[in-house]
Amino acid sequence: MGNLLKVLTREIENYPHFFLDFENAQPTEGEREVWNQISAVLQDSESMLADLQAYKGAGQEIRDAIQNPNDIQLQERAWNSVCPLVVRLKRFYEFSLRLEKALQSLLESLTCPPYTPTQHLEREQALAKEFAEILHFTLRFDELKMRNPAIQNDFSYYRRTISRNRINNMHLDIENEVNNEMANRMSLFYAEATPMLKTLSNATTHFVSENKTLPIENTTDCLSTMASVCKVMLETP
């Protein structure tokens, strides 16, 4: 992921400047198929951010349960508070998988020959706009996640409780919703300080490895040029 950050923060003087008309960009026929695919993902991004911003966690219920391990009522209260939160966390994780696929489709469109990445971004401004929206969502999501330690606390309590009940040969209904494999993948996702940026990094790495005939500079130039253009537009409104 560090390599992705280096690419996104290259000096803007080294890259061409051009205007992206974010307000009026509309997909051409050549862009429409990919644009529709990305748009279907991005239309859920605001609800994801609103849901994450409203995430309060079950800290008090968990503390009460831990401090009173023999109080069945408090154990049930904590568990019933955590379960719906874990389902919400699963939704965020599943959205990251959709975003990962969307970015790979976007990179394929914006790096393919015969055009350079800069030419693609100039010619296909509707896709460039969606690229910027993905970056914007990523930064906002990760900022909210970093400011909310309840996410990892809730999920850790969930996993401990599941493990304890599995030892006692108990199967809980939520395991049909979040099984052990899913819980492991979610745990790795939320262990990252910036999970959505890590998702973009993984998507980029996978794209490069799957397209060995494509010069790697096409991908890195696409990312850095996009970031540079957005930076210039912010600095010169």
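**Exercise 1. Classify Glu122 as buried, partly exposed or exposed.**

Solution. Start with the classes: buried means under 20% relative accessible area, exposed means over 50%, and partly exposed lies in between (1.4 Å probe, protein chains only). Glu122 has 40% relative accessibility, so it counts as partly exposed. Next, place the residue: Glu122 lies in helix α6. Helices (H or I, at least four residues) and strands (E, at least two) are DSSP runs, numbered from the N terminus. Last, look along the chain. Asp21 is 101 residues away from Glu122, yet their C-alpha atoms are separated by 9.7 Å.

Ground rules for every exercise: this is a predicted model, local features need pLDDT of at least 70, side-chain atom pairs count only at pLDDT 80 or more, and totals for chains, interfaces and linings use all residues. Residues are numbered from 1 along each chain as its sequence is written, and side-chain values use heavy atoms, with hydrogens and water left out.

**Exercise 2. Describe the overall make-up of the protein: how many helices and strands are there, and what share of the residues is buried?**

Solution. Count the elements: 11 helices and 0 strands. Their order from the N terminus is α-α-α-α-α-α-α-α-α-α-α. Now the burial: 47% of the 237 residues count as buried. The exposed surface is about 13000 Å² (Shrake-Rupley method, 1.4 Å probe; for residues, only the protein chains shown count as cover). Carbon and sulfur atoms supply 51% of that area. Then take the contacts, meaning heavy atoms within 4.5 Å. Of those with a separation of 6 or more, 83% join residues 24 or more positions apart.

**Exercise 3. Work out the geometry of α5 against α10: what are the axis distance and the crossing angle?**

Solution. Fix the ranges first. α5 covers 72-111, and helix α10 covers residues 195-210. Axes are lines fitted to C-alpha atoms, for helices over the stretch in contact, and angles run from 0 to 180 degrees between N-to-C directions. The α5 and α10 axes come within 9 Å and cross at roughly 40°. Angles under 35 degrees count as roughly parallel, over 145 as roughly antiparallel, 65 to 115 as roughly perpendicular, and the rest as oblique. Therefore α5 is oblique to α10.

Next, the hand. A crossing is left-handed if the near helix is turned anticlockwise from the far one by less than a right angle, and right-handed if clockwise. α5 passes α10 in a right-handed crossing. The residues in contact include Phe92, Phe95, Ser96 and Glu100 of α5, and Met196, Thr199, Leu200 and Phe207 of α10.

Zoom in on Thr199, which sits in helix α10. Its relative accessibility is 4%, so Thr199 counts as buried. Leaving aside residues up to four places away in sequence, Thr199 touches Ser96, Glu100 and Phe189.

**Exercise 4. Analyse two packings of α7: at what angle does α7 cross α10, and at what angle does α3 pack on α7?**

Solution. Take α10 first. Helix α7 spans residues 125-146, and its axis comes within 7 Å of the α10 axis at roughly 140°. That makes α7 oblique to α10. On the α7 side, the contact residues include Ile134, Phe137 and Phe141; Pro195, Met196, Leu197 and Leu200 stand on the α10 side.

Now take helix α3, residues 45-53. Its axis is 10 Å from that of α7, at an angle of about 15°. That makes α3 roughly parallel to α7. The crossing of α3 and α7 is left-handed. Among the residues that meet are Met48, Leu49 and Leu52 in α3, with Phe137, Phe141 and Leu144 in α7.

**Exercise 5. Inspect the loop after α5: is the peptide bond from Pro113 to Pro114 cis or trans?**

Solution. Recall the background: most peptide bonds are trans. The bond from Pro113 to Pro114 is cis, with omega near 10°. Pro114 lies in the loop between α5 and α6 (117-123). Cys112 is found in this loop as well. With a relative accessible area of 30%, Cys112 is partly exposed. Its C-alpha atom lies 7.7 Å from that of Leu214, 102 residues apart along the chain.

**Exercise 6. Check the cysteines: how many disulfides are there?**

Solution. State the rule: a disulfide is a pair of cysteine sulfur atoms within 2.5 Å. The count comes to 0. Then read the burial of two cysteines. Cys83 is buried at 14% relative accessibility. Cys222 is buried at 0%.
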